Amino acid sequence: MTFSEPSTPLPSTNSLLNSLKSCIHCGFCLPVCPTYKVTGSEVESPRGRLYLLKHMLQDAKNESDEPNEHLQPKQIEPHLSQCLGCLACETACPSGVPYGDILHQSQKMFLTQKNPFIRHLKRFFFQTVLPNSNLLQFGAFWLRLYQKAGLQRLVRFSNVLSLLPLIQHYEALIPPIPQHKPFNIGMSFGNPEHERVALFTGCIMDVMYNSVHWATIKALVNNGYYVTLPEQTCCGALAYHGGEDDIAKKLARKNVLSILRSQPDWVITNSAGCGSTLKDYTKLLANDGIYAEKSRLFSEKTVDIMALLAKKPLKPCRLPIPQTVAYHAACHLHHAQGIINEPENVLHQIEGLTLLPLKDAAFCCGSAGIYNLEHPELSNDILAEKIRHIEATQAQTLVTGNPGCLLQITKGLQENANPMRIAHPIELVAESYSK
Ligand code: SF4
Ligand code: SF4
């Protein structure tokens, strides 16, 4: 196994310090922070993390107003790595602290503090596994076989994995893997005279929730769009959020060039995590020669499927959906992209569907990319709160627009033996166009 050398450039300390100084320590962000809520610890809060970072940087420049505290990166990195990156703090902050940017800069700064073997393994996963759809499909084939042969039921029923709690936690995250109905690059659907959208299929979304793409196509075509499938690769979200910008940039350049070549009016995504990263290509490639302008254009055209459909009234549905539905707002849709009312506004237009309020709907479910793999205990504590609120709605269906949330909430409900249906909101829209 060979690895490319990590080469992410370090951020400027001065610009990071300036951003950190915009925190006025008011604490408005504390009640919305999931890690603060479950630990009750200031150092696991946004304010605490910002304070620690600021003092570490000031110490390094001999500017600290508390010179006796010499904070070292290794003391601070664990608290930053326990942050979900949900950005609820950024939404709540009255002072406009750019928490997402600060977190991203600090991730890059702390890369050298990470265990080198784990870091290289993650880089291999980000740059070799995720962009390779054949490898992902190969993995999905074995998981499907594991489920179809009844092994999963046997493993769960026998509770044999209770001897290996970490493996048991990972196994519980495997959702039912449906048969994959593949796409061919260059496929198109609908009337070419209509507005042209390029569908971004992503990596995990395509393997685990391929049916959501077909539902997206059906909803778009029924609403007068022409859907194309240009050549593309993984969006690079996990590399980007992990501070591995060199990998994220390579993937971003490929996507920007090949998708823009298809001349779309819109680039559509049905994954909140992908959508937020595709929009961040502007920042990621801001100083990247010809890509700076192209990425700006690309990010402007990028829109979540529910936000696009909310721009115009839905075309009349053919089939009522008489279901009670609760909506969980994925962090990377609600906080990172500011898409707040659009999904529910679209769902409201479906005949027969009743939306039920979900308490703290925009509170993280604990999935957060690979957070639930890296911090299983905290992730489970955060999920438990989410599941309590979901179950209290007594809805028949829970909908959410992000594959990580779909996986995490499926796990939480399955562990409680709750038969509630879990779906992407676009699946309900597509079902309403069935004959
Ligand atoms: S991003 Fe989320 S977990 Fe991290 S500090 Fe902000 S609110 Fe807390
Ligand atoms: S709400 Fe903003 S200004 Fe107030 S403590 Fe949190 S990050 Fe700082």
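**Notebook: loops, cores and ligand sites**

I began with Asp 360, which is found in the loop between strand 7 (354–356) and helix 20 (371–374). Helices (H or I, at least four residues) and strands (E, at least two) are DSSP runs, numbered from the N terminus. I noted that this is a predicted model, in which local features need pLDDT of at least 70 and side-chain atom pairs count only at pLDDT 80 or more, while totals for chains, interfaces and linings use all residues. Residues are numbered from 1 along each chain as its sequence is written, chains are lettered from A and ligands numbered from 1 in the order in which they are written, and side-chain values use heavy atoms, with hydrogens and water left out.

**Entry 1: two positive phi angles**

For Asp 360 I read a phi near 50 degrees, a positive value in a residue other than glycine. I then looked up its accessibility: with a relative accessible area of 32%, Asp 360 is partly exposed. Buried means under 20% relative accessible area, exposed over 50%, and partly exposed in between (1.4 Å probe, protein chains only).

Leu 87 was my next residue, and its phi is near 65 degrees, also a positive value in a residue other than glycine. I placed Leu 87 in the loop between helix 4 (73–81) and helix 5 (88–92). Is Leu 87 buried or exposed? I recorded a relative accessible area of 13%, so Leu 87 is buried.

**Entry 2: the site of ligand 1**

Leu 87 led me to ligand 1, since Leu 87 is one of the residues that surround this ligand. The others I listed are Cys 33, Pro 34, Thr 35, Pro 46, Arg 49, Cys 83, Leu 84, Gly 85, Cys 86, Cys 89 and Tyr 99. A residue is counted here if one of its heavy atoms lies within 4 Å of the ligand. Helix 2 (34–39) and helix 3 (46–60) are the elements that give two or more residues to this shell. By class, I found 9 nonpolar, 2 polar and 1 charged residues around ligand 1. In this scheme Ala, Val, Leu, Ile, Met, Phe, Trp, Tyr, Cys and Pro count as nonpolar, Asp, Glu, Lys and Arg as charged, and the others, Gly among them, as polar.

Which cavity holds ligand 1? I found ligand 1 in the second largest cavity. A cavity is a set of points, on a 1 Å grid over the protein atoms alone, where a 1.4 Å probe fits but cannot get out. A molecule sits in a cavity if more than half of its atoms lie within 2 Å of its grid points.

**Entry 3: the site of ligand 2**

I located ligand 2 in the largest cavity. How many residues surround ligand 2? There are 13, and the closest are Cys 23, Cys 26, Gly 27, Cys 29 and Cys 93. This shell has 9 nonpolar, 3 polar and 1 charged residues.

**Entry 4: the nonpolar cores**

A nonpolar core is a set of buried Ala, Val, Leu, Ile, Met, Phe, Trp, Tyr and Cys residues joined through side-chain atoms within 4.5 Å. I recorded 96 residues in the largest core, where Leu 220, Ile 268, Leu 309, Ile 426 and Val 429 have the most contacts. Helix 14 (residues 245–261) supplies the largest share of this core, 7 residues. I also noted a second, separate core of 23 residues, which includes Leu 52, Ile 76, Ile 102 and Leu 103.

I then examined Ile 268. Leaving aside neighbours within four places in sequence, its contacts (heavy atoms within 4.5 Å) include Val 197, Leu 199, Leu 220 and Val 303.

**Entry 5: Trp 266 and Leu 229**

I found Trp 266 in strand 4 (residues 266–269). At 19% relative accessibility, Trp 266 counts as buried. The C-alpha atoms of Trp 266 and Val 197 are 4.7 Å apart, although 69 residues separate them along the chain. Not counting residues up to four places away in sequence, Trp 266 touches several residues, among them Glu 195, Tyr 225, Lys 301 and Lys 311.

Leu 229 lies in the loop between strand 3 (225–228) and helix 13 (237–241). Its relative accessibility is 3%, so I entered Leu 229 as buried. Beyond its neighbours within four places in sequence, the contacts of Leu 229 include Phe 183, Ile 185, Met 187 and Thr 201.

**Entry 6: Arg 156 and Lys 254**

Arg 156 lies in helix 9 (residues 151–158) and counts as partly exposed at 31% relative accessibility. Leaving out residues up to four places away in sequence, I found that Arg 156 touches Glu 171, Ala 172, Ile 174 and Gln 414. My last residue was Lys 254, in helix 14; with a relative accessible area of 55%, Lys 254 is exposed.

Note on methods:
On a 1 Å grid over the protein atoms alone, a cavity is a set of points where a 1.4 Å probe fits but cannot get out, and a pocket is an open set with protein on both sides within 12 Å along at least five of seven lines; lining residues have an atom within 4 Å of a point.
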